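Hello,

Here is the structure I promised to pass on, with my notes on it underneath. Please have it open in your viewer while you read.

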Amino acid sequence: MEKEKQQQKQKHYGFLLLTIIFEVAMLVIYGLWMDYDTSYNQDSGETDERVDLFYYFFIDVAIMIFVGFGFLMVFLKRYGYSSAGYTYFISAVAFQWAIVTNSFFAQANDSSWGKVALNLEVMIEGLYAAAAVLISFGAVLGKTTPTQLLIMTFFELIFYSLNYYIGFLKVQAVDIGGSMIIHAFGAFFGVSVTTVLTSRKETKDHKLNGSSYTSDLFSLLGSIFLWIFWPSFNAALAEPGAQYRAVINTTLSLTASCLMAFVVSSIFHHGKFDMVDIQNATLAGGVAVGSSADLVINPVGAFSCGLAGGFVSTLGFSYFASKITKIFGIQDTCGVQFLHGWPGIIGGIASSIAIARAKNHRDPYLDEKAFHDFFPRGDDQPQIQFAALVITLGIAIGGGIITGAILRLTTKNAKKPFDDSEYWILPTGENEIGKKEMEMKKIESEKFEKDGEKDLD
Amino acid sequence: MEKEKQQQKQKHYGFLLLTIIFEVAMLVIYGLWMDYDTSYNQDSGETDERVDLFYYFFIDVAIMIFVGFGFLMVFLKRYGYSSAGYTYFISAVAFQWAIVTNSFFAQANDSSWGKVALNLEVMIEGLYAAAAVLISFGAVLGKTTPTQLLIMTFFELIFYSLNYYIGFLKVQAVDIGGSMIIHAFGAFFGVSVTTVLTSRKETKDHKLNGSSYTSDLFSLLGSIFLWIFWPSFNAALAEPGAQYRAVINTTLSLTASCLMAFVVSSIFHHGKFDMVDIQNATLAGGVAVGSSADLVINPVGAFSCGLAGGFVSTLGFSYFASKITKIFGIQDTCGVQFLHGWPGIIGGIASSIAIARAKNHRDPYLDEKAFHDFFPRGDDQPQIQFAALVITLGIAIGGGIITGAILRLTTKNAKKPFDDSEYWILPTGENEIGKKEMEMKKIESEKFEKDGEKDLD
Amino acid sequence: MEKEKQQQKQKHYGFLLLTIIFEVAMLVIYGLWMDYDTSYNQDSGETDERVDLFYYFFIDVAIMIFVGFGFLMVFLKRYGYSSAGYTYFISAVAFQWAIVTNSFFAQANDSSWGKVALNLEVMIEGLYAAAAVLISFGAVLGKTTPTQLLIMTFFELIFYSLNYYIGFLKVQAVDIGGSMIIHAFGAFFGVSVTTVLTSRKETKDHKLNGSSYTSDLFSLLGSIFLWIFWPSFNAALAEPGAQYRAVINTTLSLTASCLMAFVVSSIFHHGKFDMVDIQNATLAGGVAVGSSADLVINPVGAFSCGLAGGFVSTLGFSYFASKITKIFGIQDTCGVQFLHGWPGIIGGIASSIAIARAKNHRDPYLDEKAFHDFFPRGDDQPQIQFAALVITLGIAIGGGIITGAILRLTTKNAKKPFDDSEYWILPTGENEIGKKEMEMKKIESEKFEKDGEKDLD
């Protein structure tokens, strides 16, 4: 007991020390390097318009980050405080730090060093980066300590901005909705971290690695918020004129993946639906159409992305998830590879196909000039998309392995996986654990049946 | 056991077959018939503005559909997966299909056949149609299978668009917030379906037809989201200049119906409040002011709509609901007739009165020209509103009876009413039903009292 | 039993009588005194823009009021119906009544009596006033009857508008995000009411004065919605050009208070986090930066406000809360003094410092003219901010004592503190209280441990 308290204290000091150092560093960096974007001058007529246009999307994306991702992960029955609470914490950290890492590489690209001009676009990019971190969080969910999450966030964002710099600023791929840069990156980074960091034995078949009726409803609520606001995610930084296409394409794709999730879930579960599929694979359309959301893929193209994304994603959750855990020992708690990873790859490939088609068909929407505005690498753009996908996967997996190794060498994993009681004060009674195990088993299983049995009367 | 599995499989094949056929049909129809609205050209300066204006309302209405209606129906204690999950499913189906049916009748009206130009207005109309289907879903909630919901959605939207065509495109009634076309239509269609389809004996007094403490809180959350965004529902497609009136009128009306719900609930429950009233009747003001939301009804007119809607709605839930079930054998699970049906009729009548007043008083806001712009049938508009109300009720009830009959002849109702376990994989323990019924009853009733008893100490 | 029913009836008549009188009065006042803002004429091109600009913020603030504050207070395990339900009720009352009290003092200030022109700014001001009332509600949460809440709302808004009139219209302090006028006012008014009205003995250590696992998740959801939309709260009525600064400053401040809440919570709870801190103190940055949100405080200034607010707030919840209850007998259920009171005072002081700095440094953003536009009292503005803070605290505490005394003399407090069953119909079984107390204690404590024990297997 004494020893345990001692250890708790040590973890505690590590967390405090790192967080305080981080926040002091942020104070200094923001003090020296950040300023308001002076082009939003109070005398300029265009200010309001910008507030309108970007603020709207900023809030929408924030809802996705904090409510959407946060509550989607509340599905674990005894890890809800942690899922939503750490989302709060690491998103705040990620937002502050990503503005720094993004700005560093952006200025490196332009070779124009100077004060960062904070505006809503910069802040939307900060939220996008936080999304990538939260996706990775989904892979390690329940197995890491807050200190580890802080360290992971720190390193992940360096790799994230590096990937953005190489694959998108230098190589000039296009990826308006971040299928590659956000979703595939976050998923494969997280899966790599968890593969290096956690042993399957610790957590496989852990009894708390599951949902309860109430936790599943919170998770579904998170999922639905993600679904509704996904068009904003894909359209936020699209060019005027292409923005409405991003909205229409994303919406159509999402309705298609929603239907596909129900169909494939029903196939694999003999006529029943699995809530895991419905919470997750319904969203795959938003990922799969991401890289080509603002392109002229036509409604039927958007449908096809959604159907492909929903199919592959549900297949992953329903069929491959258990196989992958069993064979490769990879335990991806939220299945982020199936929601963000595979559909993200589909999204990258779809963008390549869409651009190749646009090139060949010379779509009436895109005259020669518009084509080159849209596709900075012109006729090479389709191949460039593939290159960026490969780069992204490489940096994500490599960065994840490095980060996982750093964590493994310097920190300890959570002692009580999938259990809030290690790091949270729980309501009275909830952390006096382990007293009457045997009686409890009975009570519990009885409780689960309490309502169900009624319809047999 | 074997036989049961066999039946599950059959239902399963039916659901899969119909959903896949539907989705293939959508692929073909969208492929051949749908295109982007080319007036949103990327070179046009007006694009942004349109994205701004309508996208904002589009998202607001989507929140109402998926979070609002979806979670409002989570009040059933063991049907939350189904309530929110099927909302996801049938709204996606309804959205895709309504764009087709709406476009068909719109082009029939204009006699100008050609590609459908997808834009945000078309998509908002798609969400409106999904709202009507969800309202009907509320009436049959807990009693139908996913296959039946799919079939109901398919037929309902044909009748919905037909009613829109006759009552609003041809007869030219005005109904900006859809009191008649959406709310009254959806409610009476759903009540008709359930009257034909389900026998009272099956479901009356079913033990799972009730709420739990947690399910009621989710439902209240859904209700509050509906309440907040209702001004957007009524204002989304209003003309510039009338839009702000729609917002103000709807807000005032909603605050009035909120107060009225508390008052009437307290009267009928001897000084207590019934959560059913608070979840539902608080919203009646949004329905009751819908048809006249953009008109110059003055703040006091908006108040009156809200008070009338809130009064009638709470009266319905608190007093008439049980009577109607008992006498007529109609079991409307969510009481949609009291939230959407009766207040919808009030809304239609209110619009007629408001237009007659505007005509007689020649409101300063409406000069002769504006009056005729607003009221396409000029001095006949008040009577036209009544005509549209009667047409709507006729098509809703007739269409509901036909659809109910089709469902009755071709499908089987849910075997386990109000019970997720028939179609959902539940968390461990939750579908091993019926083992220890007697003990369970005790445990359960004890559990409910667990916190309450404390204040007697 | 009979006597109890009799009393229930009496409370019932009081509530009905007062609510009906209030609503009739509103009908008359709105009928005679309220009209649409005719500057939103349907022919004016500027209408749309205004609907755009303000409607967006109006909805955002409404989400904060009804979802944010409402569900933040659902943390009490057996008072969720009341917390969210009364929020619905008193916010509707407050909105209607605040438009009246605000308009009265605004016209008194202009000495221009006439019809009130309802528009979205007036309505946003109405929501702001409702926020102040909800903050006070947080202090008395669980201890008052609906009748008392209605009376408190009525008087509080008179004092609220009076304070706005004196401190902001006459004395001309600036307070864009309402740190003083909304947050500090609401907090100290509520604390004063509860100090006069409720005796500590009644409610201290009450067994229902605590959270459950599920209630805490609902509360965290409310908290997160408040956090996301707080930039809108602080920016809604800011001038074009200053609005984007209010958004950026508030966002940065909130991320800082979020981190600080985790740090200080961990310090006081030996390496664990307390959900109370995370639900509340994370938001303190929004309050602390409120009065200076639209000023040129620079990113580092925003950070500092957030860190200070988060620090003081978590210190309050983690350390001072129990001390204050013990020593002074003040029981502030939600700890509103720590979330809104103290950070509100910090906000007022910060605005004074920020303005003094702007004056001395002649910030490039503010030329002489702009400085005087921004700060109506010119070089005296820093002192004026202090004066307004003192006036606000005086009126809040004085008004709260008067209102508490009125309530104490005319009404009775809730008989069953923190218990929904006094005023709500609960799901079957939930109000049959007190039958098997002893067995229940056992069942209950066992239930809490049901999941936790699993990881010891």
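Let me begin with a pair of helices in chain B. Helix α4 (residues 120-140) of chain B and helix α5 (residues 146-170) of chain B have axes that come within 10 Å and cross at roughly 125°. Please keep in mind that this is a predicted model. At that angle, α4(B) and α5(B) are oblique to each other, and their crossing is right-handed.

Which residues make the contact? On the α4(B) side they are B:E125, B:Y128, B:A129, B:A132, B:V133, B:S136, B:F137 and B:V140. From α5(B) come B:L149, B:M152, B:T153, B:E156, B:L157, B:Y160 and B:Y164. Sorted by class, the contact of α4(B) with α5(B) has 11 nonpolar residues, alongside 2 polar and 2 charged ones.

Next, some totals for chain A, in case you want them for set-up:

- Chain A contains 16 helices and 4 strands.
- Of the 457 residues in chain A, 68% are buried.
- Among contacts in chain A with a separation of 6 or more, 83% are between residues 24 or more positions apart.
- The exposed area of chain A is about 14300 Å², and carbon and sulfur atoms supply 62% of it.

I also looked at two residues in chain C.

One is C:A281, which you will find in the loop between α10 (275-280) and α11 (284-288) of chain C. Is C:A281 buried or exposed? The relative accessible area of C:A281 is 0%, and the cut-off for buried is under 20%, so this loop residue counts as buried. Apart from neighbours within four places in sequence, C:A281 is in contact with C:S257, C:A261, C:V276, C:G310, C:S313, C:T314 and C:F317. As a distance to check in your viewer, C:A281 and C:F262 are 8.8 Å apart from C-alpha to C-alpha, with their positions 19 residues apart in sequence numbering.

The other is C:T19, in helix α1 (residues 2-33) of chain C. C:T19 has a relative accessibility of 0% and is therefore buried as well. What does C:T19 touch, once residues up to four places away in sequence are set aside? The list is B:V263, C:F89 and C:L150, so if you select the surroundings of C:T19, please include chain B along with chain C.

That is what I have for now. Happy to talk it through whenever suits you.

Best wishes

How values were computed
Residues numbered from 1 in each chain as written. Chains lettered and ligands numbered in written order. Predicted model: local features only at pLDDT ≥ 70, side-chain atom pairs only at ≥ 80, totals over all residues. Heavy atoms only, no water. Axes fitted to C-alpha atoms, helices over the stretch in contact; angles between N-to-C directions. Parallel < 35°, antiparallel > 145°, perpendicular 65-115°, else oblique. Left-handed = near helix turned anticlockwise from the far one by under 90°. Contact = heavy atoms within 4.5 Å. Nonpolar A, V, L, I, M, F, W, Y, C, P; charged D, E, K, R; others polar. Buried < 20%, exposed > 50% of the residue type's maximum accessible area, 1.4 Å probe, protein only. Areas by Shrake-Rupley, 256 points an atom, 1.4 Å probe, with all protein chains shown as cover.
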